[in-house]
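Student: Could you show me how terms in a structure description are backed by values?

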Amino acid sequence: MTKAVIHKTKVKDPLDDRIFYIVVYVILGLLTLITLYPLIYIVSASFSDPFSVLAGKVVFFPVGFSLEGYNRIFSNDRVLTGFINSIFYTTAGTAVNIVMTVLAAYPLSRKELKGGSVVMVLFTFTMIFNAGMIPNYVLMKDLHLLDTRWVMILPAAISAYNMIIARTFFSANIPRELLEAAQMDGCSDFKFLLSIVIPLSKAILAVLVMFYATVHWNSYFNAFLYLSSDELYPLQIILRDILITAQTAASDTSDAESALEIQGLAESMKYSLMIVSTIPMMCIYPFAQKYFTQGVMIGSIKG
Amino acid sequence: MTAATPLSKEARRARRLARFKKQYGNNWQLYLMLLLPVIWLFIFCYLPMTGIQIAFKDFKIRQGIWGSPWVGFENFERFFTSYQFTRVLKNTLLISLYSLVASFPLPIVLALSLNVVRKAAYKKFVQMVTYIPHFISVIVIVGMILQMFNSRIGLYGTVYTALTGQQAPDILSKASAFPHLYVWSGVWQEVGWGSIIYLSALSAVDPALHEAAIVDGASRFKRVLVLDLPTVLPTATIMLIMNAGRIMTVGFEKVYLMQNDLNLTTSEIISTYVYKVSLGPTGGDFSLGAAIGLFNSVINLILILLVNAVTKRMGGTSLW
């Protein structure tokens, strides 16, 4: 704010400043262009005629407008099942995340809680030491969670990092006096959490929802290790099959002609699949931009 | 407390109970809230740690974790003496060092430049665009790399052919190209997101300092050098040191997706190797996988503790 005022009072920038501003704008313009170009290319390719894409005619704008790729996606059962599964894992998983994270973070933010620091140490330790892939896998097996929907939700129910962010927020933003006044009126801790803390913490809840939801939507590691049934797979696993596994198979084919033939049709799907799978993230993005930055900043001030 | 008037046993017990009630009774609801998270913590974070013993055993699925026979450090010896040991260690370190160096300066440059921009709309636009890639899943990112760098049908291939008239060399299966593709696609994805923390540091610069510098005739560039840069430097140092603590941690997901038979000499890293020897289609050696995983976890732990000690000494900013 103040900075803008300072500059307005000046009539004209000196020459060296003007050159400097131009340099800065060029740097930023280049960075933006480099970021944007692959994205534009993907979008254009997804709306283009598949054979124009294969022939390398698409450079910036769509060539030979076609919705063939999108048609093929929406008539593909595996993609649809994956999409629905991902929506389920993301909503159910995030709901569990939020409840569990708040249940851990709020009591731990209360200083009078005896033993709270021990629990904090136990949580923090999980951030710096992990038993590893194999012990975790064997545990899932012993708990009979392999190849069930639970395995997509329970193991990742709390992220210690997010829990600590929430705890920092609670201890900094819920005034002690409020608690004392409520206690004076005979308000219980549960009631206080539900009717006072939660409504006052919308900002941090939004941050948590977005942190958790992006991870659920985008990750494939747990599904990759623990699931084996087609009907349970989230979208990312289906994407992997179509975008990556199929790709390597095609580039292994020595006969360029037939490879091109096979690819022609598969290719039309790939770009539209990238778009469709990313759209849900882009929908929450406008909100995310506001809250995520806030979250990153809360995260950087450790409690 | 008046002297040692002997209290009856009952009275003492009652007093102890009252004290206990006062300490914990008032807060019983808080403990109830914590119950579920603590149970979760033990089952999903600490119970697997009992599985670490697999690393020191000859694990048989039928006999389970506790029933399998002990073999001491045999699994570790097998890993240290195998030809894969130096390869995966070297690749892991190389990739993470390379990304550490490559991904460090750009977010700072971006943040400093954004901070200079006076047109709010332009600043917003650049931020909006550069944050987008952070939200794209690793599978889609790798899918994009495979599409765009395909030597026949990708953008890289067609541009190469248009310029030279020849078929482009297949860089996706070239081992020497793997680290570059991996690291620079990562830089592309995270540069905007990485700048947020520096921008927040920059917002702490006192505008009065800038005013004073303007009065003294400092150019904008000069003000970046003497005011803005020193402000982000502490944050930058901490980020650098913290990332150095993660030097042995290269995520499994992206590397595994980018691997193919031809680039394994540079792309096989510790985590992908663990997967392959144990859970992968040709694996089955759980003990070896657990041993390698434990080796990696312990080194990570040591590195992070080391890094924390260093940052603490530097200025009290500790990770916990």
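The talk below sets values against definitions.

Tutor: This is a predicted model, where local features need pLDDT of at least 70, side-chain atom pairs count only at pLDDT 80 or more, and totals for chains, interfaces and linings use all residues. Residues are numbered from 1 along each chain as its sequence is written, chains are lettered from A and ligands numbered from 1 in the order in which they are written, and side-chain values use heavy atoms, with hydrogens and water left out.

Student: Why is the pair Asp241(A) and Arg78(A) called a salt bridge?

Tutor: The term asks for a side-chain nitrogen of Lys or Arg within 4 Å of a carboxyl oxygen of Asp or Glu. For Asp241(A) and Arg78(A) the N to O distance is 3.0 Å, so the pair fits the rule.

Student: What makes this pair a tie between parts apart in sequence?

Tutor: Asp241(A) lies in helix H13 (residues 235–252) of chain A and Arg78(A) in helix H5 (residues 77–109) of chain A, so the parts tied together are 163 residues apart in sequence. Helices here are DSSP runs (H or I, at least four residues), numbered from the N terminus.

Student: How many salt bridges are there over all chains?

Tutor: By this rule, 10.

Conventions:
Helix = DSSP H or I, 4+ residues; strand = E, 2+ residues; numbered from the N terminus.
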